[in-house]
Amino acid sequence: WRGREGAAYSTLVPSDEVTINYRHGLPVITLMLPTRSERCQFTVKPVVTTVGAFLQDVQREDKGIEKAEVFATDGTKVSDSTLMEVLLMNDFKLVINNTAYSVSPPVKDKLSSEHATEMEDIKSLVHRLFVALHLEDHQIRKERELLQKLDHLKGELLPLEQMKARIMDSADAKTSRLLWVGLALMSTQGGALAWLTWWVYSWDIMEPVTYFITYGSAMAFYAYFILTKQDYIYPQAKDRQFLHYFHRKSKKQRFNVERYNKLKDDLAEAEESLRRLRQPLHLRLPIQEINDKD
């Protein structure tokens, strides 16, 4: 017999040589071992057992089996990763060495509804057990990934933090000098007005001068509000001037502010994820599930 994929077999054995029966809800495959000349039963767990695992069990039972494969009825080879539950839905060919066995699994419709419900419960139980047994491993693996990410981000931020500190020191020094220059100019202006009022001219002459100086200052503050959309408050004005010096110095030093902010956001997010992963109040849920709950 030759399949569609080109595989040739010297013998095609009738279906009664390989039988499948259900016992305690699990399929039991009975077949004749070629070199031992005795029938052997293999109980498989269709939900978790793959075709490759079943064939390995057959070869371990009979060391004389050199090759074991499974083909569909049209000759297509069935992958070793296919679950036995899928394989047992249709007829198939079990090939051992050069002998092909025609296998006809029992129809699932013959199973009672109670048995079907029991199988679904078993599947659900297996899934819950798998999650419970592997959840701690998932948390450890996720924690290791977050720690590696934190180390990587801190390594990238270290030179940027050092450059930022130097730029901030320079900008702060320039801002402080500007404030002291402003104080010196105001003191000079006050002294000049006093000298002109009491020693050079009289108050009658200096009064209009001081009025226009005051009016000019009010115009300057109003212009500041138009340009910045902020009142001229000394702390805010100082911070604005500091940022002006900082960004100008950053361009000269080629300090990438956007990249620095992005790294800082990623670092904060990773630290928050690690904190939530280690927090027992979240019932040790994986970090993705925690984010979904927020």
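Visitor: Hi! Let me start with the turn between β2 and β3: how many residues sit between them, and which one has a positive phi?
Guide: Two residues lie between β2 and β3, which make a hairpin. His24 is the one in the turn with a positive phi, at about 55°. Keep in mind that this is a predicted model.

Visitor: Got it. Do β2 and β3 run parallel or antiparallel, and how many bridges join them?
Guide: They are antiparallel, and five bridges link β2, residues 19–23, to β3. One facing pair is Arg23 and Leu26, with Leu26 on the β3 side.

Visitor: And what comes on the other side, between β3 and β4?
Guide: Another hairpin, with four residues between the two strands. In that turn, Ser37 has a positive phi of about 55°. The pairing of β3 with β4, residues 38–43, is antiparallel and has six bridges.

Visitor: Which residues of β4 stand opposite Leu31 and Leu33?
Guide: Leu31 faces Cys40, while Leu33 faces Glu38.

Visitor: How many residues of β3 are buried?
Guide: Six of the eight, so the strand counts as mostly covered; β3 covers residues 26–33.

Visitor: Let me zoom out. How many helices and strands are there overall?
Guide: There are seven helices and seven strands. Along the sequence, the order is β-β-β-β-α-β-α-β-β-α-α-α-α-α.

Visitor: What share of the protein is buried?
Guide: Of its 294 residues, 28% are buried.

Visitor: New topic: holes. How many cavities of 30 Å³ or more does it have?
Guide: One. The largest cavity has a volume of about 40 Å³.

Visitor: Which residues line the largest cavity?
Guide: Val18, Ile29, Phe54, Val70, Met84, Leu87, Phe92, Leu94 and Val103 do. Ile29 falls in β3, the strand we talked about, which spans residues 26–33.

Visitor: What's the mix of classes in that lining?
Guide: Nine nonpolar residues, with no polar and no charged ones. As for the elements, α2 (84–87) and β6 (92–96) each give at least two residues to the lining of that cavity.

Visitor: OK, and pockets? What's the volume of the largest one?
Guide: About 730 Å³. Its lining has 20 residues, and the closest to the pocket centre are Leu179, Gly182, Met186, Tyr232 and Tyr234.

Visitor: Which helices supply at least two residues each to that pocket's lining?
Guide: α3 (113–200), α4 (203–228) and α5 (234–253). Of the elements, α3 gives the most, with nine residues.

Visitor: What classes of residue make up the pocket lining?
Guide: Twelve are nonpolar, six are polar and two are charged.

Visitor: Where does UniProt put the transmembrane region annotation?
Guide: The UniProt record, an unreviewed entry, places "transmembrane region" on residues 178–197 and 209–227.

Visitor: What does the model show over residues 178–197?
Guide: That span is 100% helix and 0% strand, and its end C-alpha atoms are 29 Å apart. Residues 209–227 are also 100% helix and 0% strand, with 27 Å between the end C-alpha atoms.

Visitor: Going back to α4: what length should that helix span?
Guide: With 26 residues at 1.5 Å each, α4 should span 38 Å. Its end C-alpha atoms are 37 Å apart, so the model agrees with that expectation.

Visitor: Which residues of α4 are buried?
Guide: Met206, Thr210, Tyr224 and Thr228 are.

Visitor: And what happens just after α4?
Guide: Lys229 comes there, with a positive phi of about 60°.

Visitor: One more residue. Where is Lys149 found?
Guide: In helix α3. Lys149 counts as partly exposed because its relative accessibility is 39%, which falls between the 20% and 50% cut-offs.

Visitor: How many residues along the chain separate Lys149 and Glu271, and what is the distance between their C-alpha atoms?
Guide: The two are 122 residues apart along the chain, while 9.6 Å separates their C-alpha atoms.

Terms used
Residues are numbered from 1 along each chain as its sequence is written. This is a predicted model: local features need pLDDT of at least 70, side-chain atom pairs count only at pLDDT 80 or more; totals for chains, interfaces and linings use all residues. Side-chain values use heavy atoms; hydrogens and water are left out. On a 1 Å grid over the protein atoms alone, a cavity is a set of points where a 1.4 Å probe fits but cannot get out, and a pocket is an open set with protein on both sides within 12 Å along at least five of seven lines; lining residues have an atom within 4 Å of a point. Grid points are joined across faces, edges and corners, and a volume is the space filled by probe spheres set on the points. Ala, Val, Leu, Ile, Met, Phe, Trp, Tyr, Cys and Pro count as nonpolar, Asp, Glu, Lys and Arg as charged, and the others, Gly among them, as polar. UniProt positions are given in the numbering used here, feature names are shortened, and annotations may be inferred rather than shown by experiment. The expected span of a helix is 1.5 Å times one less than its number of residues. Buried means under 20% relative accessible area, exposed over 50%, partly exposed in between (1.4 Å probe, protein chains only). Two strands pair if DSSP finds at least two bridges between them.
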